[in-house]
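The following paragraphs explain how parts of this fold are put together, moving from strand pairing to a helix and then to a single side chain. Please keep the structure open while reading.

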Amino acid sequence: MNYTSTRNSQITVSASSAIATGISPEGGLFVPQSFPTISEDYIRSLLPLSYAKRAEKVLSLYLTDFTAQEIEECACAAYGEQFDTPAIAPLHDLGDGRHMLELWHGPTCAFKDMALQILPHLMRVSVQKAVPGQETVILVATSGDTGKAALEGFKDASGTRILVFYPQDGVSEMQRLQMVTQEGGNVGVCAIRGNFDDAQTGVKALFTDENVTARLAEKGMRFSSANSINWGRLLPQVAYYVSAYCDMVTSGAVKMGDPINIVVPTGNFGNILAAYYAKRMGLPVAKLICASNRNRVLTDFFETGVYDVTRPFYTTTSPSMDILVSSNLERLLYHLCDEDDTVVAGMMKDLKEKKAYTVPEKVRQRTAETFAAGCATDEQAAAVIRKTWQEKGYLCDTHTAVAVHVYEEYRNKTGDTTPTVIASTANPYKFSPAILEALGEPVSADPFAMQEALFNATKAPVPAPLADLRSKTVRFTDVCDQDIEAMRETVYSLLGI
């Protein structure tokens with residue numbers, strides 16, 4: 001299994017090289033040159049296995065330059081006692097054919113842990129194979145959850161440093177506290193005066209800045225990524241959709257071979273792209289339903305075939321989805337354009353220069369065959385939170401509520417009652433103010449007082465990693481401008497070079 005770039009199909013690299021590098025030199029994203037096929041017998045063989053073993057089996061289909069022992073060690077180290085349930089990613093039956101795939105039982109209480117607990121191990125093995133002897137600098141832009149999950153995953157990892165940029169006013173207070181109190185001798189965190197798209201644009205520019213690359217090389221360093229632009233971050237997410245189908249079969253929610261729908265709240269498109277990859281492999285998936293918040297650029301894209309970022313940017317109660325430039329959509333376009341790198345490079349050039357692009361008609365038709373899309377306002381998400389709690393006794397966070405709303409609209413419009421997995425992406429305590437407001441409870445300025453208030457109102461257990469933040473010391477207070485020059489100097493300062 002080799003990998004190529006979405007913008008240059010002449011490039012061929014191994015899995016370890018794709019993971020160690022993170023992004024192709026010309027700015028393209030690494031994608032597999034083919035998809036392995038999984039059969040019903042293959043899925044049946046996974047049914048009795050633990051989550052770690054299922055992940056190991058899925059990863060081995062793609063990481064063909066890793067030994068079986070290396071993959072096993074990575075999976076076992078990633079999916080163990082750092083999760084608060086042995087199931088790792090359990091399903092919760094919400095009734096009416098809806099099954100919540102809880103992806104937030106890891107150490108930072110968000111779905112990013114599912115990939116970022118294993119990525120440091122994959123990175124260590126990849127660097128040893130592809131670029132031995134160099135120190136890896138993990139550079140991250142975050143809309144909230146990736147930053148903390150990456151910091152936690154890579155803290156004090158040998159041969160690695162990690163730097164995270166986050167939008168100063170674009171994350172929840174709990175997300176901010178998780179990042180600025182991060183422990184570890186190899187970590188650095190800085191806010192930027194801008195939104196997530198500004199942070200992501202700056203980080204991408206730093207990756208392809210020859211002056212920065214040369215300066216790092218002089219110090220024996222090189223960049224890599226923990227964002228979902230990195231194949232090693234995206235691949236582990238495929239595993240939890242395969243595992244979810246196994247659990248649906250085991251519970252009797254579906255019969256082996258029967259299809260499911262998958263609903264994903266997404267901003268950067270990585271989480272739903274992983275579900276698409278699972279479908280391409282042969283997982284019985286009928287429809288992928290893409291859920292957006294008020295920043296509905298993906299909804300508009302699926303409805304019109306036009307991707308246009310010349311629109312207002314909204315700060316919402318689901319901040320991890322406050323994104324206008326969805327990086328991983330580029331990977332989907334590459335596959336749907338019949339691997340035509342010229343077409344993809346042209347669209348990405350139009351996005352950079354004209355802030356918009358239009359896909360060919362055949363691509364629009366292909367997206368319609370696989371994807372449905374919808375969006376939810378803060379008020380609609382709040383109504384879902386309130387209704388789900390009152391009627392089902394189930395507390396969901398704001399991002400998951402967006403997905404539930406979009407799914408209910410989809411089902412009402414289409415009459416499609418296919419059993420459905422809804423990706424539940426964060427513990428509600430990460431967004432206590434919005435949850436309290438949705439439940440009609442008073443909101444205060446103190447994040448820990450709100451934590452207590454939410455517990456008093458619902459008796460839902462407070463995750464230990466969030467409760468423990470009260471005693472943590474703030475370590476990082478830096479703020480920089482959103483331009484590339486300021487971010488470049490911040491990187492130099494955090495690295496001490």
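In this predicted model, a convenient place to begin is Ser5, whose bridge partner in strand 2 is Asn8. That pairing belongs to the contact between strand 1, residues 3–5, and strand 2, which run antiparallel and are joined by two bridges. Strands of a sheet pair through backbone hydrogen bonds, in either a parallel or an antiparallel sense. Here three strands form an open sheet with antiparallel pairing, and their order is 2-1-3. Strand 2 and strand 3 (30–32) stand at the edges with a single partner strand each, so one side of each has no neighbour in the sheet. On average, and with direction ignored, neighbouring strands of this sheet are turned by 40° against each other. Helix 14 packs on this sheet, where it touches strand 1, strand 2 and strand 3, and the direction of helix 14 makes about 45° with that of strand 3.

Helix 14 (329–336) also leads to the next element, since the buried residues of helix 15 pack against helix 14 as well as against strand 2 (8–13), strand 12 (306–308) and strand 13 (356–358). Which residues of helix 15 are buried? They are Asp341, Val344, Met347, Met348 and Leu351. Seen down the axis of helix 15, the buried residues fall within an arc of 130°, and they therefore line one face of the helix. On the other side of helix 15, by contrast, Thr342, Glu353 and Lys354 are exposed.

The length of helix 15 can be checked in the same spirit: with 14 residues (341–354) and 1.5 Å a residue, helix 15 should span 20 Å, and because its end C-alpha atoms are 19 Å apart, the expectation and the model agree. Both ends of helix 15 repay a look as well. At its start, a side-chain oxygen of Asp340 reaches to within 3.1 Å of the backbone nitrogen of Thr342, while just after the helix, Lys355 takes a positive phi of about 65°.

A second sheet is built from six strands, which form an open arrangement in the order 4-5-15-10-11-14 with mixed pairing. Its edge strands are strand 4 (91–95) and strand 14 (371–375), each of which pairs on one side only. From one strand to the next, the twist of this sheet averages 25°. Within it, strand 11, residues 285–292, pairs with strand 14 in the parallel sense over five bridges, and Cys290 stands opposite Ala373 in strand 14. Helix 13 (residues 297–304) packs on this sheet and touches strand 11 and strand 14, with its direction making about 135° with that of strand 14.

The last stop is a loop residue, Asn227, which lies between strand 9 (221–225) and helix 11 (231–251). Is Asn227 buried or exposed? Its relative accessible area is 7%, and because buried means under 20%, Asn227 counts as buried. Leaving aside residues up to four places away in sequence, Asn227 touches Leu139, Val140, Ala141, Thr146 and Arg233. To one of these, Ala141, there is a polar contact: the backbone oxygen of Ala141 lies 2.6 Å from a polar atom of the side chain of Asn227. As for Glu408, which is 181 residues from Asn227 along the chain, the C-alpha atoms of the two residues are separated by 30 Å.

Note on methods. Residues numbered from 1 in each chain as written. Predicted model: local features only at pLDDT ≥ 70, side-chain atom pairs only at ≥ 80, totals over all residues. Heavy atoms only, no water. Pairing = 2+ DSSP bridges. Helix = DSSP H or I, 4+ residues; strand = E, 2+ residues; numbered from the N terminus. Axes fitted to C-alpha atoms, helices over the stretch in contact; angles between N-to-C directions. Contact = heavy atoms within 4.5 Å. Expected span 1.5 Å × (residues − 1). Buried < 20%, exposed > 50% of the residue type's maximum accessible area, 1.4 Å probe, protein only. Arc of directions from axis to C-beta. Polar contact = N/O pair within 3.5 Å; in protein donor to acceptor, adjacent residues only side chain to side chain.
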